[in-house]
Amino acid sequence: MTRTLLTNLRLATMTADRPYGLVEDGAVAIADGRIAYAGPVEDFEEAFDAFETRDMGGRLVTPALIDCHTHLVFGGNRAREFEMRLEGATYEEIARAGGGIVSTVAATRELSKDELVEAALPRLNAMLAEGVGTVEIKSGYGLTIEDELKMLRAARELGRLRDVRVRTSWLAAHAVPAEYKDRADAYIDDVALPGMEAGAEEGLIDAVDGFCEGIAFSPAQIARVFERARALGLPVKLHAEQLSDLGGAKLAAEHGALSADHLEYLGAYGVAAMAAAGTVAVLLPGAFYTLREKQMPPVEALRAAGVAIAVATDCNPGSSPLASPLLAMNMAATLFRLTPEEALAGMTRNAARALGLGGEVGTVEAGKRAELAVWDVEHPAELVYRIGFNALVERVVG
């Protein structure tokens, strides 16, 4: 039995009983990968005296960060498209030049599973170096059954190669590929639904996602995907209200979705539906920043309704080439006016809820998995305040 007692630390449990769940002189006892005790050092039981003690030098301990929305596995990059936009090219001109999601789909289809893993590892390594203990990875750039499954197999392999928990999402309903132009329903029939069944049978899918938008899929089409997911016992989530309000968040909530993500154009009825269903709002400031959007998510309305707010990088090659969870938290505070505590909760406690892992990770409390981050800072707000500075000392993953 591995038993460790961490002492001489400041502890941000991220429980909701007080700001940051902060304990000034804390201790954490870990037994066989789970937290046996977390709280004031003077209160821990004598039974923990037999544990191997580690002095943390007065550093801050938090839950390991959780990036609950990424497209980490893909082929190629879109740096030239980024350059073209800054030179004044329109979306249509970029698409005619072979840019946009079409270029990422082509590059992803060309790579083997092992090549996709090799391409994704540097991005994953960057996240782990900033304290991530759990990461969600979506399909969505293959858009054939085999290429979508290949992406999820690559995601699973990343979890075997690195000490990180990987949650996978089936996002075949991300875009309509060129070979199905103007035939979105046929694509759902031929690829999204049967591929979902194949992926579920292979144990590759933790949740099912979709993109409900005028440039992607309609609410009726997403409803078909969700109905099949629920029949397979798979939880759902949705890219919703990023560019317009089609009622995607309300649809997601009606299907008991774990989360609705983006949400810049979310209306009052969507907020109410999410609150009633307990659906988490996942904010993605990297995409807002990269696309130079003006419409902000309705943060005040979400707060007032009691909707849990998570934050994620949305790491992807087109709209959010961001692999820094620390910068994502800073952006959430600076661009969306989240408080530092809300931003950190968004990358810990609420991110865990957005993945259906609230009972396992996201806070530092007895019974949960020991996924911790140790920081050389004096106060948790520093993790959100600093720009381009990584204070991580180590991850402790039981």
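This passage describes two helix pairs, two cavities and one pocket in a predicted model.

Two packed helices are described by the angle between their axes and the distance between the axes. A good place to start is the pair formed by helix H4 (residues 113-128) and helix H5 (residues 145-161), whose axes cross at roughly 55° and come within 9 Å. H4 and H5 are therefore oblique to each other, and their crossing is right-handed. On the H4 side, the contact involves Lys113, Leu116, Val117, Ala120, Leu121 and Leu124. These residues meet Lys150, Met151, Arg153, Ala154, Glu157, Leu158 and Leu161 of H5. Sorted by class, the contact of H4 with H5 holds 9 nonpolar and 4 charged residues, with no polar ones.

The next pair is helix H6 (residues 184-201) with helix H7 (residues 219-231), which pack at an angle of about 20° with their axes 11 Å apart. Because angles under 35 degrees count as roughly parallel, H6 is roughly parallel to H7. H6 passes H7 in a right-handed crossing. From H6, the residues that make the contact are Ala184, Asp185, Ile188, Asp189, Leu193, Met196 and Glu197. Their partners in H7 are Gln221, Arg224, Val225, Arg228 and Ala229. The contact of H6 with H7 comprises 6 nonpolar, 1 polar and 5 charged residues.

Attention now turns from helix packing to empty space. Rolling a probe the size of a water molecule over the atoms shows where empty space is left. Across the whole structure, the search returned 2 cavities of 30 Å³ or more. The largest cavity has a volume of about 50 Å³. Its lining consists of Leu326, Val377, Glu382, Leu383, Arg386, Phe389, Asn390 and Ala391. Of the residues lining the largest cavity, 5 are nonpolar, 1 is polar and 2 are charged.

The second largest cavity encloses about 40 Å³ of space. It is lined by Arg167, Thr168, Ser169, Asp206, Ala207, Lys237, Leu258, Ala354 and Leu355. Strand E7 (residues 165-173) supplies the largest share of this lining, with 3 residues. By class, the lining of the second largest cavity has 4 nonpolar, 2 polar and 3 charged residues.

Among the pockets, the second largest is described here, with a volume of about 190 Å³. Around this pocket lie Leu302, Arg303, Gly306, Val307, Ala308, Ile309, Leu338, Glu341, Glu342, Ala345, Arg349 and Asn350. Two or more lining residues come from each of helix H11 (299-305), helix H13 (340-346) and helix H14 (349-354). Of these helices, H13 gives the largest share of the lining, 3 residues. In the lining of the second largest pocket, 6 residues are nonpolar, 2 are polar and 4 are charged.

How values were computed: Residues are numbered from 1 along each chain as its sequence is written. This is a predicted model: local features need pLDDT of at least 70, side-chain atom pairs count only at pLDDT 80 or more; totals for chains, interfaces and linings use all residues. Side-chain values use heavy atoms; hydrogens and water are left out. Axes are lines fitted to C-alpha atoms, for helices over the stretch in contact, and angles run from 0 to 180 degrees between N-to-C directions. Helices (H or I, at least four residues) and strands (E, at least two) are DSSP runs, numbered from the N terminus. Angles under 35 degrees count as roughly parallel, over 145 as roughly antiparallel, 65 to 115 as roughly perpendicular and the rest as oblique. A crossing is left-handed if the near helix is turned anticlockwise from the far one by less than a right angle, and right-handed if clockwise. Contact means heavy atoms within 4.5 Å. Ala, Val, Leu, Ile, Met, Phe, Trp, Tyr, Cys and Pro count as nonpolar, Asp, Glu, Lys and Arg as charged, and the others, Gly among them, as polar. On a 1 Å grid over the protein atoms alone, a cavity is a set of points where a 1.4 Å probe fits but cannot get out, and a pocket is an open set with protein on both sides within 12 Å along at least five of seven lines; lining residues have an atom within 4 Å of a point. Grid points are joined across faces, edges and corners, and a volume is the space filled by probe spheres set on the points.
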